[in-house]
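Student: I'm new to this structure and would like a close look at just one part of it. Could you pick a strand and walk me through what surrounds it?

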Amino acid sequence: MKISICAPYAKERFETARQHSFLHPECAHLADRVSVSGLKYLLDGTPEERSAATRVPCAEDPLTSGQMDFPLEELRAIFREAQQRNVQLLLHAIGDRTTETLLNAMEATGGPGAWSQKRLRIEHGEGVMSDLVPE
Ligand SMILES: [Zn+2]
């Protein structure tokens, strides 16, 4: 049986993140059974830490609405690089503000025509609200 794993989360851009896209040399003997594909980016935090980026403040802490770890322009750059290098993106996106931002970035980098075959995956997805899903 062969298994596939994705590169660990990357807060850095591709040049650094790409270094994680290969099996660690100590695991080279597993190469016939384990492959590494895709890059996972953590776009925001978690509800438990109140760090998922939301459109409205947290009910328990009205001064908090989380934060995104990448500004929109950087997200667009990551998307363009993924398209150019044909790398699958796995996006940790929990907050609805994060989801809205990443969907806007997808639209700005080609929309459905550019992304439908790229297998970009939103992980967790609690922020995928009905008003954000295109018709
Ligand atoms: Zn995650």
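Tutor: Let's take strand E3 and work outwards from there. Keep in mind that this is a predicted model.

First, some bearings. The protein chain has four helices and four strands, and along the sequence they come in the order β-α-β-α-β-α-α-β. E3 covers residues 89–93. So is E3 enclosed or not? It is largely enclosed by the rest of the structure, because four of its five residues are buried. To put that in context, 25% of the 135 residues of the protein chain count as buried.

Now look at what lies alongside. E3 has strand E2 (34–42) as a partner, and the two pair in the parallel sense over four bridges. If you want a spot to find by eye, try Lys-40, which stands opposite Leu-90 in E3. To get from E2 to E3 the chain passes through H2, making a β-α-β crossover that is right-handed. E3 also pairs with strand E4 (residues 121–124), again parallel and again through four bridges. Here the spot to find is Ala-93, standing opposite His-124 in E4.

Next, the nonpolar core. The largest one has 20 residues, and the members that touch the most others are Tyr-41, Leu-43, Leu-91 and Leu-102. E3 is one of the elements giving two or more residues to this core, along with E2, helix H2 (72–85) and H3. H2 gives the most, with four residues. As a general rule, nonpolar side chains in soluble globular proteins tend to be buried together.

Leu-102 is a nice one to click on. H3 spans 96–108, and if you skip neighbours within four places in sequence, Leu-102 is in contact with Leu-43, Leu-75, Leu-91 and Ala-93. Contacts that reach along the chain are a theme here: among those between residues at least 6 apart in sequence, 70% join residues at least 24 apart.

For a contrast with buried E3, follow H3 to its end. Gly-110 sits in the loop between H3 and helix H4 (111–115). Why does Gly-110 count as partly exposed? Because Gly-110 has 14 C-beta neighbours inside 10 Å, while a buried residue needs 20 or more. One last distance to check on screen: the C-alpha atoms of Gly-110 and Arg-80 are 9.2 Å apart, although 30 residues separate them along the chain.

Definitions and conventions. Residues are numbered from 1 along each chain as its sequence is written. This is a predicted model: local features need pLDDT of at least 70, side-chain atom pairs count only at pLDDT 80 or more; totals for chains, interfaces and linings use all residues. A residue is buried if 20 or more other C-beta atoms lie within 10 Å of its own, exposed if 12 or fewer, and partly exposed in between; C-beta atoms are placed from the backbone. A nonpolar core is a set of buried Ala, Val, Leu, Ile, Met, Phe, Trp, Tyr and Cys residues joined through C-beta atoms within 7 Å. Two residues are in contact if their C-beta atoms, placed from the backbone, lie within 7 Å. Two strands pair if DSSP finds at least two bridges between them. A crossover is right-handed if, with the strands pointing away from the viewer, the path from the first strand over the helix to the second runs clockwise.
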